[in-house]
Each structure stands twice: as structure tokens, then as C-alpha cells.
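Got your viewer open? Here is a walk through the structure, one selection at a time.

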Amino acid sequence: MNSVILQIASKYLRILFLMFAIIALLRGHNQPGGGFIGGLLAALYIVFNTLAFTSKQIKDRLKVSPEAYMGVGLLCVLLSFLPSVLSGAPLMQGVWVSYSISDFEVIKLGTPLLFDLGVFIAVMGVTLMFLFTLSTHK
Amino acid sequence: MILVLILYLLLAFALFLIPKKVSKYTPVFIALVQLLVFGLFLSFLPDIQNGKTISSLVEWMPRLGLNLEFTLDGLSMVSVLLITFIGFLVFIYANTYMSSYQGTTRFYFYLLLFSASMLGLVLSSNFIQMFIFWELTSILSFLLISFFNENEQARKAAFQSLFVTGLGGLCLLVAIILIGSIVGSYSLTDWIDKAELIKNDGKYLPILLLVLAGVFTKSAQFPFHFWLLGAMQAPTPVSAYLHSATMVKAGIFLLARLYPILGGTQEWINIITPVGAITMLIGAYLAITQIDIKQIFAYTTISALGILVVLFGISTELSIKAAFVFLFVHAFYKASLFMLAGYFVKLTGSRIINSYGGILRKNLLGLIIVAVALLSMAGIPPMFGFIGKELIYEAKFEAPWLSSLLLILGILTNVLMVAVSLLVLFKLYLGEAKFDLGVATKKYKLLLVSPGILAVLSLGLGLFPDTLSGIIEPALSYIYSGEAVIKLKLWHGFNTILLLSALTMLLGIFLFALTYKNKRLIKGWQRMNVRLFSINFNRSFSKGLSSFIKISAKNTHFIQHGYIRYYLTTIIVFSSLLLLFQLYITRGWEINTNFSLQPYYISGVVCIITFSSLISVFSKDGLFTITAMAVTGYGISLIYLYYSAVDLAITQIIVETLMVVMFVLVLRKLPRFIVVSSRATKIRDGIIALTFGLIMAMLALKALNVDIHPSIADFLVENSYTKAHGKNVVNVILVDFRALDTLGEVTVLVIAALGVFTLLNVKKVRK
């Protein structure tokens, strides 16, 4: 499709979409959201782009290939198991670190976030893979 | 011990990093490493002689009995010394032998890995771990036999050896698991402790048979001997190392290893002894009419392996002792003979022994080495082989079962061995010289180094045999768990055994005189043998294999027909049946019928879902179908939302949106909507689909009715925040409680994506 409106819109929607996806990822542990949803949202943005441009243009503009996303995602997932093993805990047990920014607010970071990030990246890669193979296949 | 194995492994991989310039010296370097390891293990000998065992253990999965366990005891000592020492000689030999071939790095890589896995095999005291090394030796044997991989014969032989030894390996694995289930552990010490338990178990006979299947295939016993003949396609250093001195002895080693556990019973004696006896006789008998020098030595190797098996079958202290002595005897002379065979092949470019006339006329050193090795094989004093043969006669003489028959067979075998040795020796020395070998002899002079060392050993140990007692005694005490004292002597005094030896020699010389130069007799004999042994094991094996492949191809075509609609039908029908069965066996047909009225807007959504799914089924336009399906999906997500499954609802909406896009992309490629299936098929598919849907509905209703106690949901909700620091239970389950599941799911997704990618691109290539 070659719609000027969509093309211009996609430029401005980019930040919105990606912020949305990342927020979904970060809030996932306490509120609805998470890596799977975030990854799908990010992929959705690219799908939206392919509607505006041709998928070949998008593929060229995307600096990282879907395969690489999938690999990096799985790697993140596996890396998130590393801290628990190194600290001698059973494999896949969450390891948490907390920072207090003020008296009331505490930021807790844990390996599940890394795990979720891996899921995010992998799911995005998988969706893009589907999209690109289906749309470029002749 | 683990460190030694790791050293070998690292060294093997480091071979590929060695620059071309210095790679000439790598085999010598590896040989020195082998010698070093030999020395290292030798330094443990005093400890072992004092009855100690050195073991190390690395726990891996102790609950499953899977540990890395290594033990250096008397038995493994003997094997380790042989493996490293022969390994040292073989690498020195290979340095010259292989220099003219391509891909030597690969060769040394395999050979070094083989050394390592052989060491691992003999040092393992956990049987699962030992099995892994056992299989590794088979695989490396496969790789080494097929080293000249442009040669079809070599490839075939390699496959054959892999199949035969692999089959035996599988049997062995079953046996190990069976014993493991009786004992409850895979550790050697536990097995020895509970030997009585195993011997009295009802499964003893099947276990023994399975173990023996492993042993007999590995050690090339009749009727599995044929793979060893094919294995002669390998480069000669491999034949000398794997197929005479070490790998084929792994079966014998296993017999020795399992002797305290399974050995000595009536079944053990009655099965092993005859098989070994047949093998030793047939091997020696068929050796005499061969004309290919490597085949001659292969047949005599088979015969020697038969002798070893018989000795373990007889199961007296004397026979085991004889077996260990003969193990050394055979390793020394046969490795030497194979190396010499390679030397002759290099000199003349031929493997046919009749063309070697007078090859050693002007080569005194070569002649002496060959003579020592052959006389040792013939068991003529003062060679080490003589002592081995005397002990074997003595053991058979005093065997509790069938001793006279065994003795007669043994004498026959040795008569044949004497004749073969003399035939080979005289064919090499006499006859007119057909080649001018001056240059070649000089070029390949270094090939005589290793056989020379072995010849010195064969002769030296013949004169001073007692030096070896110190090594054999601990091995014997492993088997008979007590003090063992051995006195090896060259001269036993005048007795029956000596008389028998003399008789053997005379008969052997007579047989040799009869056959030497009498070409017609040999030819006739060959023809007779072909008739007599009309079963060509080699050919029937390949026939069996090809028919097996045909059957499995048919089978595969039947199951994997390639029609996705029938795959789906099969999957759905079978899962419906299974689900129905499961529904029935959990509390009969009782389901939850406790329905309650829901608000009108939910009913409205349900109506929309039903209506749109009906449209999607009956619509004749692709785009319309997709849209209707999307409406169904969105409706379902509304229901999720109402019953407060927010995460599910979000996911459903996004996935549904993506699906529409994807479907549209696919739809562009498809032809316009056409009617593919007939009315009858449609009805059939409809019935299947409806049934499946009904069953799923029943499942959902049933699930409400069957309360699995205690419910895991409560636990998850309780611990979600306290232990996993998350308020969103769904997400906590995904990333923490059930992280393994998620890992699996993500991996499956990735694989599916790769599958789509390859499937669609394969089609592109075909066009």
C-alpha cells in the first residue's frame, strides 16, 4: 500500500507504539502486561509500517534481522538463569536486587525481568519472521 | 585421571590450530605425550600392586546415579598400559606411514580421540559412563575405517562395522539398565557387592545374553566376525591400533570387568566357551588360504580373540591368568605384524602376499623383526608367544568342562597358526625378487622402528617373562578378589604340555610343507572353503540391511503421506478418542450442569461469536471468512475481559489483529476460493469437527466438577508477591513459577518461525 497518511502517521506513532510496548513489558510483573504482550505490541508496530510502506522497505530499514532477534531473545532467557546457578540456588529461581529511591518507593530488579525481556525480543522476532516470509514470498 | 582425558581432548582439538610448517612433527609430539601418560600410569603401579585402587568421582546427577567415576585398579592398569604404549608406537609409525596422504590432521584427531575414549572406557567405574565411551570407540572406529572416504568399499565397511558394533552396543545398554534396576545404582563397587543378587535374579540369563551380544560384536566373534575383515580398509596404523591391539579387546575387557559380577556361572561357561572355540578355529582355518596379507592377519586376530573368549569362558584361575598373558602376547605380535604389513604394502604397493617374493632377501633387519613376530604368533620358543601358548594349553588341559575337546580344538588352532606363520615367513623370504627395492627400503626405513620395539619386547619377555607378572597379578586379583601370585617361566620342564607343544609344532610344519608351493592344493582348498562356508556373512548382512530399509520406507510412506488434511484428521480423531476415554474413566459421564444466568450483554457477545463462526464456516469468500474469524476472536477476548482475565484478553486482541494481517498476506498467494472437497468429505469433516468441539466443551464442564486437591492456584496466589515479588499472578507464573514452560514455549515459537521460513523458501528454490 502506498498511503501518504499512513506513512506520515507511522512516523509519529512509532514512539507511541514502542513506549507502549516497553511500558507493557515493565509493568507486567504487577499489572496486566508482560514480555509476550510487549513483544506482540512491538511487532504490531512493524506490521502497521508494512501496511504503510512495502515490506521490503521495512526489512531493509530494520538493521537487525528477525533471526537475530529470535536468537538474542532466547539468549536473554538463558542468561537470566545464570545468576541463580552462580549463587548456588536451584536453576531458574529468581534473584532480586532492590534499590530504595525514596522512603516509600523501592525499585526491585530481578532476573524475571531479564527473562521477560528475552520473551519480548524472541516473540517480536518470531512475529517479524512470520510477517516477512509471508509478505516477501512470491 | 579426568585430567588426562581432558588433556587428550584439548590436544585433539588443538591439532587443528597447529600451523602447516610444524605439523610434520605433531605425531611425534602426540606419541611423546602418550609415552608420558604411560609413564604416569606406570608410576601408580606400586600402589596398585599393594592392593590399592585410585578413584576419583565428580557428582553430576547423584539422584539418578549418574556420576563421573573413574577408578584405576589392577584390570584397568593392564589395559591403560597397553593402550598408551601401543598408542605411542602407532603414532610414531603413523608419522611415516601417513605422510603421503591428505587430511592427516583429521586422521590424528580421530586417532587421539580414540585413545582418549579407550582410556575412558577402561577407567570408568560407572557403567552408564562406560557405555558412552564404549559407543565413542565404535563411532571413532567408523570414522577411521572410512578415512579414505573416496573409496566406496571403505565407506561400506565402515557402515557395516558401525551397524554391527552399534547393535551390540544397544544390547549392552539394555543389559546395563537391567542390572542397574536390580542393584539400584550404576557404580562398579555396588555391582560387585551385589553380585550374588544379580546372579540369582530371574533376569540373569537375558542380562548375560545381552552383555554377550555387546561383547561378541565388539570383539568380532563368530558369527559377527565379518565386520573386522571389512575394517581392514582402514589405514594400516588403524588396523594395528584399533582392530588388533585395543578396540576389539574392549569386549574382552568387558568380560573381565563383569567377571566378578556375572561370571563363573554355568550359563556363563556354557555359552561363552563354545562361541570362542568356534571363532578361534574358524579364524585360524580361514587364515591359511587367504592371499591378502591384511586379511591373513585379520583372520588370525579373530582367532586370537576367540582364544581369549574361550579362556574367559573356562573360568578357572589358570585360564584367566593365561588370558591376561595372551592379551599381552597378542598385542605385541599382532600390532607388530600389522605395522609390518603396512610396510610391505608401502614397499610394493600391493596387498597380495604372493607378489612379495624375496622382499626381505636383502633386508636383514626387516627379516629378523618379521621372524620374531611370526614365531611369537606360532608360539615357538623362546618367543613370548610360546609362554602364552603353554599357559593356554595348560588352562584347557585343566578345564572343568569339555577339557579334551577344547584341547583338541586348541591344538588344531595352533597347528594352523604355525602353518600360517611359516607360510607368510617363507613367502616373504624365498621366491624370486620381483622388485628393486633399494630406494623404497631406505625411504620407509622408519616404519620398522615400532615393530622393532615390539619385536624386542616379544623376544625379551620370552626370555624374562617374570617382569610382566607384576602387572598381571593386580589384574588377576581384581577378578578373584584376593592375593594372586604368578610365576611366569619359559621352561616348564618335561610334561604333557611340552609334548603337546612339540606335537603342535611338528603338525604345523607338516601342514606348511604340504601347502607351500602346492598351488593346486591351495586353490582346491579355497574352493572347498567357499562351498563349505556358503553363507557369505558380509553379503547377507547387506541384503538384510537393504530389505530393512525398504520395509521402513514403505512404513514411512504409509504414515508420512504428506497430506496435511489427513494429518490433522488423524490427530483430531485420536485426541478425541483419548479425551473421551479419559473423560469416562474419571468418574463416568458426570459433568457440571449447574448453569446460571449471565448478564444480557455477555449473552449478546456469545450470540455474536456463534453467528460469526457459522459465517466463517459457510462463507464462500476468503476475506469474509477471515473477518468473521476475527470477530469470533475479539468476542472471546471480550468474555475474558468480563471475567477479569485482563492479560489473556490483551494477548487475544493483539494476536487476533496479527492473525488477520497474516491471513490476508497468505490469502494474496492463494487462488480464488474454489471448491476442493466433495460433499461427502465436507460432511465427514464437519462431523469430526463437531465431535471434537463437543468433547472440548465436555472437558471444560468436567473440569469444573473435578476438584483436584489441593488446588495449586491457592499456592500461586499466596506466594506470588511474598516469594516472587510480583502482583500480577499470571505474569509471575509465566516468568517465575513456570519459567521452564515459558522457555519451552518460546523455543517452540522460534522453531515454528524457522519452519515457516524454510518451508516457504524451499518452494521458491524448486520453482
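Before the first stop, one cut-off: helix pairs whose axes make angles under 35 degrees count as roughly parallel, and those over 145 as roughly antiparallel. Bear in mind as you click around that this is a predicted model.

**Stop 1: a helix pair in chain B**

Select residues 249–262 of chain B, which form helix α13, and residues 293–314 of chain B, which form helix α15. The two pack at an angle of about 10°, and their axes are 10 Å apart. An angle of about 10° falls under 35 degrees, so α13(B) and α15(B) are roughly parallel to each other.

Now show the side chains where they meet. From α13(B), pick B:Ile252, B:Leu255, B:Ala256 and B:Tyr259; their partners in α15(B) are B:Leu308, B:Val309 and B:Phe312. Colour this contact by class and you get 7 nonpolar residues, with no polar and no charged ones.

**Stop 2: just past α15**

Go on to B:Ser315, in the loop between α15 and α16 (317–348) of chain B. Its phi is near 60°, a positive value in a residue other than glycine. Is B:Ser315 buried or exposed? B:Ser315 is buried: 21 other C-beta atoms lie within 10 Å.

**Stop 3: the loop between α10 and α11**

Jump back to chain B and find the loop between α10 (204–218) and α11 (226–230), where B:Pro223 sits. The peptide bond joining B:Phe222 and B:Pro223 is cis, with omega at about 0°. B:Ala220 lies in the loop between α10 and α11 too. Phi of B:Ala220 is near 55°, which is positive although the residue is not glycine. B:Ala220 counts as buried, with 27 C-beta neighbours inside 10 Å.

**Stop 4: another helix pair**

Next, select helix α2 (residues 26–43) and helix α4 (residues 74–97), both of chain B. Their axes come within 8 Å and cross at roughly 160°. That makes α2(B) roughly antiparallel to α4(B). Look along the pair and you'll find a left-handed crossing.

For the contact itself, light up residues of α2(B) including B:Ile30, B:Leu35, B:Phe38 and B:Phe41, and residues of α4(B) including B:Leu81, B:Phe85, B:Phe88 and B:Ile92. Altogether, the contact of α2(B) with α4(B) divides into 17 nonpolar, 4 polar and no charged residues.

**Stop 5: the domains of chain B**

Colour residues 597–674 of chain B as domain 1 and residues 709–767 as domain 2. The C-alpha centres of these two domains lie 23 Å apart.

**Stop 6: where the chains touch**

Show both chains. Here 36 residues of chain B are in contact with 37 residues of chain A. On the chain B side, α29 (646–669), α32 (729–737) and α33 (739–766) each supply at least two residues. That side of chain B divides into 23 nonpolar, 8 polar and 5 charged residues.

**Stop 7: chain A on its own**

Hide chain B. Chain A has 6 helices and 2 strands, in the order α-α-α-α-α-β-β-α along the sequence. Its C-alpha trace spans about 55 × 35 × 20 Å along the principal axes. Of its 138 residues, 41% count as buried. Take contacts in chain A between residues at least 6 apart in sequence: 66% of them join residues at least 24 apart.

Last selection: A:Val4, in helix α1 (residues 4–27) of chain A. A:Val4 is exposed, with 8 other C-beta atoms within 10 Å. Draw a distance from its C-alpha to that of A:Phe53, 49 residues apart along the chain, and you should read 9.1 Å.

Notes: Residues numbered from 1 in each chain as written. Chains lettered and ligands numbered in written order. Predicted model: local features only at pLDDT ≥ 70, side-chain atom pairs only at ≥ 80, totals over all residues. Axes fitted to C-alpha atoms, helices over the stretch in contact; angles between N-to-C directions. Helix = DSSP H or I, 4+ residues; strand = E, 2+ residues; numbered from the N terminus. Parallel < 35°, antiparallel > 145°, perpendicular 65-115°, else oblique. Contact = placed C-beta atoms within 7 Å. Nonpolar A, V, L, I, M, F, W, Y, C, P; charged D, E, K, R; others polar. Domains from an automatic or database assignment. Buried ≥ 20, exposed ≤ 12 C-beta atoms within 10 Å, placed from the backbone. Left-handed = near helix turned anticlockwise from the far one by under 90°.
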